[in-house]
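The exercises below ask you to read contacts, burial and backbone geometry from a model. Work through each task before you turn to its solution.

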Amino acid sequence: MLVSGLASLGGLLLPGCGKNLPPTYGNILRMGDVLTYTAHRSLLPRQSLAREYSHKDISSFPATGCTNPGDPARPRPNESYQRLLSGAFSDWRLSIEGLVAKPGSYSLADLKRFPSQTQITKLACEEGWSAIAEWTGVQLSRVLEAAGILPSARFVNFLTFDDNPDGLDMLDALHPQTILAYGMNGGDLPIPHGAPVRLRVAKQLGYKSLKYLQRIVVTHDFDDGGKKGTIQNGWSWYAGI
Ligand SMILES: Nc1nc2c(c(=O)[nH]1)N[C@H]1C(S)=C(S)[C@@H](COP(=O)(O)O)O[C@H]1N2
Ligand SMILES: [Mo]
(Lines give C-alpha, C1' and ligand atoms only; values in the text may rest on other atoms or scores of the structure.)
(Ligands and ions follow the chains in the order given, each with its own letter.)
Protein backbone atom coordinates (compact mmCIF):
# COMPACT_ATOMS: atom_id res chain seq x y z
CA MET A 1 0.00 0.00 0.00
CA LEU A 2 2.70 2.43 1.05
CA VAL A 3 4.98 1.38 -1.78
CA SER A 4 2.29 1.43 -4.46
CA GLY A 5 1.20 4.83 -3.18
CA LEU A 6 4.73 6.13 -3.53
CA ALA A 7 5.12 4.58 -6.98
CA SER A 8 2.05 6.39 -8.19
CA LEU A 9 3.61 9.63 -6.99
CA GLY A 10 6.43 9.15 -9.46
CA GLY A 11 4.72 11.42 -11.93
CA LEU A 12 4.71 14.22 -9.38
CA LEU A 13 8.46 14.17 -8.84
CA LEU A 14 10.25 17.12 -10.26
CA PRO A 15 12.60 16.35 -13.13
CA GLY A 16 16.22 17.08 -12.37
CA CYS A 17 15.76 16.73 -8.64
CA GLY A 18 18.73 14.41 -8.29
CA LYS A 19 21.04 17.23 -7.23
CA ASN A 20 21.37 18.64 -3.78
CA LEU A 21 19.53 15.86 -2.06
CA PRO A 22 19.94 15.54 1.67
CA PRO A 23 22.08 12.56 2.68
CA THR A 24 18.98 10.69 3.80
CA TYR A 25 17.60 10.49 0.26
CA GLY A 26 18.09 6.74 -0.06
CA ASN A 27 15.49 6.03 2.60
CA ILE A 28 12.01 5.47 1.21
CA LEU A 29 10.60 7.14 4.32
CA ARG A 30 12.42 10.30 3.27
CA MET A 31 10.55 10.57 -0.01
CA GLY A 32 9.33 13.92 1.26
CA ASP A 33 12.75 15.39 0.57
CA VAL A 34 12.39 15.08 -3.19
CA LEU A 35 8.75 15.99 -3.60
CA THR A 36 7.53 19.28 -4.94
CA TYR A 37 5.04 21.40 -3.09
CA THR A 38 2.24 20.02 -5.29
CA ALA A 39 3.13 16.45 -4.39
CA HIS A 40 3.41 17.34 -0.72
CA ARG A 41 -0.08 18.77 -0.79
CA SER A 42 -1.47 15.45 -1.96
CA LEU A 43 0.33 13.57 0.84
CA LEU A 44 -0.50 15.96 3.66
CA PRO A 45 -3.97 14.69 4.56
CA ARG A 46 -2.45 11.28 5.35
CA GLN A 47 0.15 12.54 7.82
CA SER A 48 -0.14 11.25 11.36
CA LEU A 49 -0.46 13.57 14.32
CA ALA A 50 1.78 13.71 17.37
CA ARG A 51 0.09 12.95 20.66
CA GLU A 52 -1.44 15.89 22.48
CA TYR A 53 -1.56 15.92 26.26
CA SER A 54 -3.71 17.58 28.89
CA HIS A 55 -2.89 20.38 31.31
CA LYS A 56 -2.10 17.97 34.13
CA ASP A 57 0.72 16.48 32.02
CA ILE A 58 2.62 19.78 31.74
CA SER A 59 6.06 19.22 33.28
CA SER A 60 9.03 21.25 34.35
CA PHE A 61 10.95 22.26 31.27
CA PRO A 62 14.72 22.79 31.17
CA ALA A 63 16.12 25.25 28.63
CA THR A 64 19.00 23.82 26.62
CA GLY A 65 21.54 24.89 24.05
CA CYS A 66 21.54 28.64 23.62
CA THR A 67 19.44 30.40 26.28
CA ASN A 68 20.03 34.00 25.16
CA PRO A 69 21.75 34.90 21.86
CA GLY A 70 22.57 38.38 23.21
CA ASP A 71 24.20 37.15 26.43
CA PRO A 72 27.45 39.14 26.84
CA ALA A 73 29.04 35.96 28.24
CA ARG A 74 28.71 34.29 24.83
CA PRO A 75 31.80 34.26 22.59
CA ARG A 76 29.97 36.37 20.00
CA PRO A 77 26.86 37.89 21.60
CA ASN A 78 24.31 38.92 18.99
CA GLU A 79 23.94 42.68 19.39
CA SER A 80 20.84 43.00 17.27
CA TYR A 81 19.13 40.41 19.46
CA GLN A 82 20.23 42.38 22.52
CA ARG A 83 18.69 45.54 21.05
CA LEU A 84 15.44 43.82 20.09
CA LEU A 85 15.18 42.29 23.55
CA SER A 86 15.68 45.65 25.25
CA GLY A 87 12.82 47.02 23.12
CA ALA A 88 10.51 44.16 24.18
CA PHE A 89 10.76 42.81 20.60
CA SER A 90 8.60 45.61 19.18
CA ASP A 91 11.14 45.99 16.34
CA TRP A 92 11.54 42.26 15.77
CA ARG A 93 10.54 41.08 12.29
CA LEU A 94 10.52 37.58 10.85
CA SER A 95 11.41 37.72 7.20
CA ILE A 96 10.04 35.18 4.73
CA GLU A 97 12.13 34.93 1.60
CA GLY A 98 12.97 32.69 -1.31
CA LEU A 99 10.41 30.75 -3.33
CA VAL A 100 7.34 32.67 -2.23
CA ALA A 101 5.17 34.95 -4.32
CA LYS A 102 5.13 37.67 -1.64
CA PRO A 103 8.37 37.85 0.32
CA GLY A 104 8.02 40.08 3.34
CA SER A 105 8.47 40.44 7.03
CA TYR A 106 6.14 39.87 9.92
CA SER A 107 6.06 41.54 13.31
CA LEU A 108 4.91 39.70 16.40
CA ALA A 109 1.58 41.52 16.07
CA ASP A 110 1.31 40.38 12.43
CA LEU A 111 1.82 36.77 13.46
CA LYS A 112 -0.74 37.13 16.24
CA ARG A 113 -3.33 38.31 13.70
CA PHE A 114 -3.37 34.85 12.13
CA PRO A 115 -5.68 32.31 13.80
CA SER A 116 -3.81 30.93 16.80
CA GLN A 117 -3.30 27.32 17.74
CA THR A 118 -2.60 25.97 21.20
CA GLN A 119 -1.30 22.44 21.72
CA ILE A 120 0.21 20.50 24.61
CA THR A 121 2.99 18.35 23.19
CA LYS A 122 6.15 16.61 24.28
CA LEU A 123 9.57 17.85 23.23
CA ALA A 124 12.10 15.01 23.18
CA CYS A 125 15.75 16.01 23.27
CA GLU A 126 18.34 13.78 21.67
CA GLU A 127 20.25 13.93 24.96
CA GLY A 128 17.67 11.67 26.54
CA TRP A 129 15.21 13.88 28.35
CA SER A 130 11.74 15.00 27.38
CA ALA A 131 9.31 17.57 28.68
CA ILE A 132 5.73 18.61 28.06
CA ALA A 133 4.46 22.15 27.63
CA GLU A 134 1.55 24.04 26.18
CA TRP A 135 2.54 25.99 23.09
CA THR A 136 0.60 28.79 21.40
CA GLY A 137 1.34 30.16 17.98
CA VAL A 138 0.38 30.16 14.36
CA GLN A 139 0.61 27.16 12.08
CA LEU A 140 3.67 27.61 9.88
CA SER A 141 1.52 26.45 6.94
CA ARG A 142 -0.75 29.49 7.35
CA VAL A 143 2.12 31.92 7.18
CA LEU A 144 3.76 30.13 4.26
CA GLU A 145 0.49 30.00 2.38
CA ALA A 146 -0.09 33.70 3.01
CA ALA A 147 3.37 34.34 1.55
CA GLY A 148 2.44 32.17 -1.44
CA ILE A 149 4.63 29.07 -1.69
CA LEU A 150 5.79 28.68 -5.30
CA PRO A 151 5.26 25.29 -6.99
CA SER A 152 8.96 24.41 -7.13
CA ALA A 153 9.49 24.87 -3.37
CA ARG A 154 10.75 21.80 -1.50
CA PHE A 155 12.46 23.00 1.69
CA VAL A 156 11.87 25.59 4.38
CA ASN A 157 15.07 26.82 6.01
CA PHE A 158 15.31 28.74 9.25
CA LEU A 159 17.98 31.17 10.39
CA THR A 160 18.27 32.07 14.04
CA PHE A 161 19.85 34.82 16.15
CA ASP A 162 22.28 32.32 17.64
CA ASP A 163 23.41 31.20 14.18
CA ASN A 164 21.93 27.72 14.36
CA PRO A 165 20.47 27.18 10.87
CA ASP A 166 18.30 24.18 10.05
CA GLY A 167 15.46 23.21 7.75
CA LEU A 168 12.39 21.09 7.14
CA ASP A 169 10.94 19.42 4.09
CA MET A 170 7.49 20.62 3.06
CA LEU A 171 5.74 17.66 4.69
CA ASP A 172 6.95 18.70 8.12
CA ALA A 173 6.76 22.43 7.38
CA LEU A 174 3.10 22.16 6.40
CA HIS A 175 2.24 19.63 9.12
CA PRO A 176 -0.76 20.89 11.13
CA GLN A 177 1.19 20.67 14.42
CA THR A 178 4.24 22.58 13.15
CA ILE A 179 3.79 26.04 14.60
CA LEU A 180 5.61 29.32 15.02
CA ALA A 181 5.19 29.54 18.79
CA TYR A 182 5.05 32.87 20.61
CA GLY A 183 3.46 31.54 23.79
CA MET A 184 4.37 28.86 26.31
CA ASN A 185 2.18 27.62 29.18
CA GLY A 186 -0.17 30.58 28.82
CA GLY A 187 2.45 33.37 28.86
CA ASP A 188 4.81 34.93 26.34
CA LEU A 189 7.56 32.62 25.13
CA PRO A 190 10.36 33.08 27.71
CA ILE A 191 13.82 34.17 26.52
CA PRO A 192 15.54 30.88 27.46
CA HIS A 193 12.95 29.04 25.37
CA GLY A 194 13.45 31.11 22.22
CA ALA A 195 11.69 34.49 22.50
CA PRO A 196 10.05 36.09 20.74
CA VAL A 197 9.20 33.23 18.36
CA ARG A 198 10.41 29.67 17.98
CA LEU A 199 9.53 26.75 15.83
CA ARG A 200 7.73 23.82 17.43
CA VAL A 201 7.94 20.74 15.24
CA ALA A 202 5.89 18.10 17.02
CA LYS A 203 7.02 15.31 14.69
CA GLN A 204 10.79 15.59 15.13
CA LEU A 205 13.33 15.58 17.95
CA GLY A 206 13.82 18.71 20.03
CA TYR A 207 16.73 20.14 18.12
CA LYS A 208 14.51 20.77 15.08
CA SER A 209 12.32 23.09 17.22
CA LEU A 210 14.50 26.10 16.53
CA LYS A 211 14.49 28.98 18.98
CA TYR A 212 15.16 32.69 18.27
CA LEU A 213 13.83 32.76 14.71
CA GLN A 214 15.09 35.53 12.45
CA ARG A 215 14.56 34.49 8.82
CA ILE A 216 12.67 31.82 6.90
CA VAL A 217 13.96 30.97 3.44
CA VAL A 218 11.95 28.70 1.11
CA THR A 219 14.13 26.86 -1.41
CA HIS A 220 14.10 24.24 -4.10
CA ASP A 221 17.63 23.03 -3.39
CA PHE A 222 18.62 21.34 -0.18
CA ASP A 223 20.77 23.53 2.06
CA ASP A 224 22.71 21.79 4.82
CA GLY A 225 23.39 25.08 6.60
CA GLY A 226 27.15 24.79 6.05
CA LYS A 227 29.52 24.59 9.01
CA LYS A 228 26.80 25.70 11.44
CA GLY A 229 24.24 23.22 10.13
CA THR A 230 23.10 19.98 11.74
CA ILE A 231 24.84 17.64 9.30
CA GLN A 232 28.33 19.12 9.48
CA ASN A 233 27.98 19.02 13.26
CA GLY A 234 27.27 15.31 13.23
CA TRP A 235 23.51 15.36 13.68
CA SER A 236 20.87 13.84 11.46
CA TRP A 237 19.08 16.39 9.29
CA TYR A 238 15.85 14.43 9.61
CA ALA A 239 14.98 13.59 13.22
CA GLY A 240 11.46 12.20 12.95
CA ILE A 241 9.82 10.58 15.96
N1 LIG B 1 18.22 28.55 18.05
C2 LIG B 1 18.33 27.44 18.79
N3 LIG B 1 17.32 26.57 18.79
C4 LIG B 1 17.39 25.44 19.51
C5 LIG B 1 18.54 25.12 20.27
C6 LIG B 1 19.61 26.08 20.27
O7 LIG B 1 20.65 25.92 20.93
N8 LIG B 1 19.46 27.22 19.51
N9 LIG B 1 18.60 23.94 20.98
C10 LIG B 1 17.73 22.86 20.48
C11 LIG B 1 17.64 21.69 21.32
S12 LIG B 1 18.94 20.61 21.26
C13 LIG B 1 16.51 21.38 22.02
S14 LIG B 1 16.34 19.90 22.82
C15 LIG B 1 15.41 22.36 22.15
C16 LIG B 1 15.26 22.69 23.62
O17 LIG B 1 14.28 23.67 23.79
P18 LIG B 1 14.23 24.40 25.19
O19 LIG B 1 15.54 25.11 25.39
O20 LIG B 1 13.04 25.28 25.13
O21 LIG B 1 14.09 23.30 26.21
O22 LIG B 1 15.65 23.54 21.43
C23 LIG B 1 16.32 23.37 20.22
N24 LIG B 1 16.32 24.61 19.51
MO1 LIG C 1 18.25 18.75 22.31
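A polar contact is a pair of N or O atoms within 3.5 Å; within protein, one atom must be able to donate a hydrogen and the other to accept it, and residues adjacent in sequence count only if both atoms are side-chain atoms. The model is a predicted one, in which local features need pLDDT of at least 70 and side-chain atom pairs count only at pLDDT 80 or more, while totals for chains, interfaces and linings use all residues. Residues are numbered from 1 along each chain as its sequence is written, chains are lettered from A and ligands numbered from 1 in the order in which they are written, and side-chain values use heavy atoms, with hydrogens and water left out.

**Exercise 1. The ligand site**

Task: describe the surroundings of ligand 1, beginning with the polar contacts to its oxygen atoms.

Solution. Start with the backbone, where an N or O atom of Cys66 lies 2.9 Å from an oxygen atom of ligand 1. Next take the side chains: a polar atom of Arg198 is found 2.7 Å from an oxygen atom of the ligand, and an N or O atom in the side chain of Lys211 is 2.6 Å from an oxygen atom of ligand 1. The protein covers 94% of the 520 Å² of accessible area that ligand 1 has on its own, where accessible areas come from the Shrake-Rupley method with a 1.4 Å probe and, for residues, only the protein chains shown count as cover.

Then widen the view to the shell, counting a residue as near if one of its heavy atoms lies within 4 Å of the molecule. There are 22 residues around ligand 1, of which Pro62, Asp162, His193, Arg198 and Lys211 come nearest. The shell divides into 11 nonpolar, 7 polar and 4 charged residues; here Ala, Val, Leu, Ile, Met, Phe, Trp, Tyr, Cys and Pro count as nonpolar, Asp, Glu, Lys and Arg as charged, and the others, Gly among them, as polar.

**Exercise 2. Two buried polar side chains**

Task: for Asp166 and Gln177, state the element or loop that holds each residue, and then find a polar partner for each side chain.

Solution. Helices (H or I, at least four residues) and strands (E, at least two) are DSSP runs, numbered from the N terminus. On this scheme Asp166 belongs to strand E6, residues 166-169, whereas Gln177 is placed in the loop between helix H6 (170-173) and E7. Asp166 is buried because its relative accessible area is 7%, and Gln177 also counts as buried, at 2%; buried means under 20%, exposed over 50%, and partly exposed in between, with a 1.4 Å probe and protein chains only. As for partners, the side chain of Asp166 makes a polar contact of 2.8 Å with the side chain of Lys208, while a polar side-chain atom of Gln177 lies 2.6 Å from the backbone nitrogen of Ala50.

**Exercise 3. Backbone geometry in loops**

Task: what is notable about phi at Asp163 and Asn185, and which peptide bond is cis?

Solution. Asp163, although not a glycine, has a positive phi of about 60°; this residue is found in the loop between strand E5 (155-160) and E6, and it counts as partly exposed because its relative accessibility is 42%. Asn185, likewise not a glycine, has a positive phi of about 50°, lies in the loop between strand E7 (178-184) and E8, and is partly exposed at 39%. The cis peptide bond joins Ala195 and Pro196, with omega about 0°, and Pro196 lies in the loop between strand E8 (187-188) and strand E9 (198-201).

**Exercise 4. Pairs separated in sequence**

Task: how far apart are the C-alpha atoms of Ala63 and Pro192, of Leu140 and Leu199, and of Gln214 and Asp163?

Solution. Ala63, in the loop between helix H2 (37-43) and helix H3 (79-86), is 129 residues from Pro192 along the chain, yet their C-alpha atoms are separated by 5.8 Å. Leu140, in helix H5 (residues 140-147) and buried at 0% relative accessible area, is 59 residues from Leu199 in sequence and 8.4 Å from it in space, C-alpha to C-alpha. Finally, Gln214 sits in strand E10 (residues 213-219) and is partly exposed at 25%; its C-alpha atom is separated by 9.5 Å from that of Asp163, 51 residues away along the chain.
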